[in-house]
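Morning, everyone. Please pull up the structure on your screens, and we will walk through it together.

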Amino acid sequence: MHKNTLKRTRKVKVGHLVIGGSSPVSVQSMCTTDTSNLKATIDQIRRLEDAGCEIIRVAVPDMAAAKNLGRIKRAVSIPLVADIHFDWRLAVEAAGQGVDKIRINPGNIGGKDKVREVVKAAKSAGIPIRIGVNAGSLKALKATPNPRWKPRQWAEVMVKEALDEVRLLEALDFRQIVVSLKAADIERTVMANILFSEKSDIPLHLGVTEAGSFLSGAVKSSIGIGLLLARGIGDTIRVSLTEDPLMQVRAAYEILKALKLRQYGPDLISCPTCGRCQVNVEKIIKEIEERVYSDKVLLHRAEGKKIAVMGCVVNGPGEAREADFGVAGGKGKGIWLERGKQIKVIKESEWVNEIIRKIRSLK
Ligand code: SF4
């Protein structure tokens, strides 16, 4: 599929980036560091930037964290989003500190007067607001803490609360809005986003919240986010995983790559190994991934390249025929291949370095 098949939404400017309109689906993540810890937070954001993260969100649990935002913002290059729960004054401080977007949860930010204060601050700072609705913290749950709603009813309540908040913001002549509707399961998340997109042109931030550990979270997110993107819904995505946020960025791009919506890094082809394998393909491929995905120059130069690592010379060279380059190995050594041609023999200990050298030489 192509970005042009995605539903056109209104444009929302987040720092130097645009969410919605005809912009590519952007990738975001959230820091796992304590925002009061300046060094740890800046280091993590820079690492994520190098891995291709395009928007970063930080938790702002208290005023100490809020007062750090300006310094964090000045030390990083990607748009910074302040994640605010409960206390509207933190949102006002965050806007004053120069963040690029504020995320509020209508379920816990308080009444209209408090939202009004946040809007006023965002307006004067010229930044957008994300209305982040989570199934677990809906206003409706205060009156009905254990509802026996079917997924469709959950989705309707989520959309209603999002639209109530949208109306409140738009009544204040504020239109730079992004909405997210997240639940911990795919069904409610997908239904709520479909329903919302039928009713509004506001760009959607997609994600399945509390998706879980790496494998289950990546699978759940791929299905949930993938189903929506395949229907043309979604403008920016965040894959929630109980993992290093770097893996969230990687997983997000893999989803976009699989749907042909974005390009990101190389297409690494490796065999699953079998009884014929006499080299450690798993270790080699992990090492290549670690080096490429933590270096934005390598990531950029390897973009769209097919790179193969095969565990034997019986089937490896044949299976790697379509790769731009790569290695097929025997015992302690391997054949270096470029577009199906056997170029030279290299030692197993040099496979990773040779592949990295080759990527670096690409223009
Ligand atoms: S390339 Fe060789 S080692 Fe790898 S799975 Fe195929 S036959 Fe087995």
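In which hand does α1 pass α2? The crossing is right-handed. One caution before I go on: this is a predicted model.

Stay with that pair. Helix α1 covers residues 38–50, and helix α2 covers residues 63–75. Their axes come within 10 Å and cross at roughly 35°. From α1, the contact uses Leu38, Thr41, Ile42, Ile45 and Arg46. From α2, Asn68, Arg71, Ile72 and Ala75 take part. By class, that contact has five nonpolar, two polar and two charged residues.

Now the barrel. Eight strands close up in the order β3-β4-β5-β6-β7-β8-β9-β10. The pairing is parallel. From one strand to the next, the twist averages 25°. Look at β9, residues 204–206, and β10, residues 236–238. These two strands pair in the parallel sense over two bridges. Find His205; its bridge partner in β10 is Thr236.

What packs on this sheet? Helix α6 does, touching β6 (101–104), β7 (129–134) and β8 (177–182). The direction of α6 makes about 165° with that of β8.

Helix α6 also has a helical partner. α6 spans residues 151–171, and α7 spans residues 186–199. They pack at an angle of about 45°, with their axes 8 Å apart. That angle is why α6 counts as oblique to α7. α6 passes α7 in a right-handed crossing. On the α6 side, the contact is made by Pro151, Arg152, Trp154, Ala155, Glu156, Met158, Val159, Ala162 and Leu163. On the α7 side, look for Glu187, Arg188, Met191, Ala192, Leu195, Phe196 and Lys199. How do the residues of this contact divide by class? There are 11 nonpolar, no polar and five charged.

Next pair: α8, residues 214–230, and α9, residues 245–258. Their axes come within 10 Å and cross at roughly 40°. The two helices are therefore oblique to each other. Again the hand: α8 passes α9 in a right-handed crossing. Phe214, Ser221, Ser222, Ile225 and Leu229 of α8 meet Met247, Ile255 and Leu256 of α9. This contact has six nonpolar, two polar and no charged residues.

On to the open sheet. Five strands line up as β11-β12-β13-β14-β15, with mixed pairing. Why do β11 and β15 each have one side without a neighbour in the sheet? Because β11 (267–270) and β15 (341–347) stand at the edges, each with a single partner strand. The twist in this open sheet averages 20° from one strand to the next.

Take β14, residues 333–338. It pairs with β15 in the antiparallel sense over six bridges. Leu337 has Gln342 of β15 as its bridge partner. Helix α13, residues 351–361, lies across β12 (306–310), β13 (325–329), β14 and β15. It runs at about 170° to β13.

Last stop, the ligand. Which residues surround the ligand? Three cysteines come early in the list: Cys271, Cys274 and Cys277. Cys312 is there as well. The rest of the shell is Thr273, Arg276, Gly311, Asn315, Gly316 and Glu319. By class, the shell has four nonpolar, four polar and two charged residues.

That is the tour. Over to you for questions.

Technical notes
Residues numbered from 1 in each chain as written. Predicted model: local features only at pLDDT ≥ 70, side-chain atom pairs only at ≥ 80, totals over all residues. Heavy atoms only, no water. Near = heavy atom within 4 Å. Nonpolar A, V, L, I, M, F, W, Y, C, P; charged D, E, K, R; others polar. Pairing = 2+ DSSP bridges. Helix = DSSP H or I, 4+ residues; strand = E, 2+ residues; numbered from the N terminus. Axes fitted to C-alpha atoms, helices over the stretch in contact; angles between N-to-C directions. Contact = heavy atoms within 4.5 Å. Parallel < 35°, antiparallel > 145°, perpendicular 65-115°, else oblique. Left-handed = near helix turned anticlockwise from the far one by under 90°.
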